[in-house]
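Please open the model in your viewer and keep the sequence panel visible beside it. The stops below go from the whole chain to single residues, and each begins with something to select.

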Amino acid sequence: MSQRPETQAIRLQTTRTGEKEHATPLFLTSSFIYDSAEEMAAAFADDSLDVNIYSRFSNPTVDEFIAKIAALEGAEDGIATGTGMAAIFSTFMTFLGKGDHIVSASAVFGSTHTILTKYLPKWGIEHSYFDMTRPETIEAMIKPNTKMLYVETPSNPGLDIIDIEKVAEICKKHKVLFVVDNCFATPAVQQPIKYGADLVLHSATKFIDGQGRVLGGVVVGRKELVKPLYLFVRNTGPSMSAFNAWVLTKSLETLFVRMDKHAENALKIAQGLQGNAKVSQVKYPFLETHPQYAIAKKQMSNGGAIVTFEIKAGIDGGRKFLNALKMISMTNNLGDTRTIASHPASTTHSKLTEEERNAVGITPGLIRVSVGLEHVEDILEDIRQALEKS
Ligand SMILES: *Cc1c(COP(=O)(O)O)cnc(C)c1O
């Protein structure tokens, strides 16, 4: 019987070396050696061979990280990259070409938006944006040249949620590749492949590492889709470093316990802020007031770690709030043991016009909190005292 995901996250490991080490080994080596010219020739002759040549192509530590996350996502295989953006860009470059069209949710990560609007057009790839809260508009956007449909759910930072199963049905009907950025949920909370997604990708920089140390990205899916992705990464070089893969494979061992605690704290904070006189619109997937609460309950095992709220005093109030925080970190990252607060309108999404920001729900006073693992009362106290000064 195959092990449960909680166990696989801990126990899946590269074959032990002669040293019989208990923890996973770190293979910091650029290349690998051969016993004979014939063996070397064979390694280069067939790029589907499971043999290590050079760490841009493959590395045992990176392979262990890929194998683990693929197992957790219910995928056959995957590729790992230096950052989340490299994973996203590699996916676009592998499956889209001149004259192709991509349908994407408009509420996507800021740099993903930049790739779609500034870079893909350089290669003749066009996009259409749909509103996450109006999934009924998706089907009409699919054209004969549409090759991919792209979503983040929950979205960053709007926390919009889309029914993965319903979107997958549309994609199957029109033979469009369905790609989900599962960064906010992680496979401990949501497995998009189970609901019909073709490829799932992550910024491993966030909850996968979970401790704010390394950058990384990963894409997982069926073998026939991973093969061309692998060749793209192997030849163009956005590969993950073995060191980062080693950190990340150890991080996965605590993913489930971290995500459970993140979500427990986040729900309490969301509930604790509801009704606070200084804020409006507290948003969290597992609050009954969330517009897509029913979908969240269907496809997520908990609400994740991100809570957003609107400071009534607007852009100025948002700045005053951040400046008044005593413990919570002011940084743009998320998915850390330490609680982080950010103000998207003035940071991650500042390159968007105000109109574009409004379209994806980024209002002037929107605060995004990545709830950490500190004692929940310490987090709440800091938020409450800073709100008083907003
Ligand atoms: C951070 C993030 C990315 C980009 O990942 P990097 O590792 O910073 O390159 C992509 N998508 C989402 C949802 C993110 O939060």
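The radius of gyration used here is taken over C-alpha atoms, and the globule rule sets the expected value at 2.2 Å times the number of residues to the power 0.38. With the entire protein chain selected, that rule gives a value near 21 Å for a compact globule of 390 residues, and the chain agrees because its own radius of gyration is 21 Å. This is a predicted model, in which local features need pLDDT of at least 70 and side-chain atom pairs count only at pLDDT 80 or more, while totals for chains, interfaces and linings use all residues. Residues are numbered from 1 along each chain as its sequence is written, and side-chain values use heavy atoms, with hydrogens and water left out.

**The whole chain**

Stay with the full chain and turn it along its principal axes, where the C-alpha trace spans about 75 × 55 × 40 Å. A cartoon view shows 14 helices and twelve strands, both being DSSP runs numbered from the N terminus (helices are H or I with at least four residues, strands are E with at least two). Of the 390 residues, 55% are buried, where buried means under 20% relative accessible area, exposed means over 50%, and partly exposed lies in between (1.4 Å probe, protein chains only). The chain exposes about 16900 Å², of which carbon and sulfur atoms supply 53%; these areas come from the Shrake-Rupley method with a 1.4 Å probe, and for residues only the protein chains shown count as cover. Among contacts (heavy atoms within 4.5 Å) between residues at least 6 apart in sequence, 72% join residues at least 24 apart.

**The ligand and its shell**

Select the ligand next, together with every residue near it, meaning that one of the residue's heavy atoms lies within 4 Å. The selection should hold 14 residues, and the closest are Met85, Asp181, Ser203, Thr205 and Lys206. Helix 4 (residues 84-95) gives the largest share of this shell, three residues. By class, the shell divides into five nonpolar, six polar and three charged residues, with Ala, Val, Leu, Ile, Met, Phe, Trp, Tyr, Cys and Pro counted as nonpolar, Asp, Glu, Lys and Arg as charged, and the others, Gly among them, as polar.

Which residues place an N or O atom of the backbone 2.8 Å from a ligand oxygen? Met85 does so, and a polar backbone atom of Gly84 also lies 2.8 Å from an oxygen atom of the ligand. From Thr205, an N or O atom in the side chain comes to 2.6 Å from a ligand oxygen. Taken alone, the ligand exposes 380 Å², and the protein buries 91% of that.

**Helix 5 and what covers it**

Now select helix 5 (residues 110-119), in which Gly110, Thr112, His113, Ile115 and Leu116 are buried. The elements that cover these buried residues include helix 4, strand 2 (101-105), strand 3 (126-130), strand 4 and helix 13 (354-359).

**Two cis peptide bonds in one loop**

Move to the loop between strand 4 (146-152) and helix 7 (164-174), where Pro154 is found. The peptide bond from Thr153 to Pro154 is cis, with omega near -5 degrees. Pro157 belongs to the loop between strand 4 and helix 7 as well, and a cis bond with omega about -5 degrees joins Asn156 to Pro157.

From Asn156, display Ile362, which is 206 residues away along the chain although the two C-alpha atoms are separated by 9.8 Å. Ile362 sits in the loop between helix 13 and strand 12 and is buried because its relative accessible area is 1%. Leaving aside residues up to four places away in sequence, Ile362 touches Pro157, Pro344, Ala345, His349 and Arg357.

**Ser370 in strand 12**

Is Ser370, in strand 12 (residues 366-370), buried or exposed? Ser370 counts as buried, because its relative accessibility is 0%. Its side chain reaches the backbone nitrogen of Gly335 at 2.9 Å.

**Two positive phi values**

Finish with Lys175, in the loop between helix 7 and strand 5 (177-181), where phi is near 55 degrees, a positive value in a residue other than glycine. Lys175 is exposed, with a relative accessible area of 75%. Gln281, in strand 8 (residues 279-283), has a positive phi near 50 degrees and is exposed at 65%.

Definitions and conventions
Polar contact = N/O pair within 3.5 Å; in protein donor to acceptor, adjacent residues only side chain to side chain.
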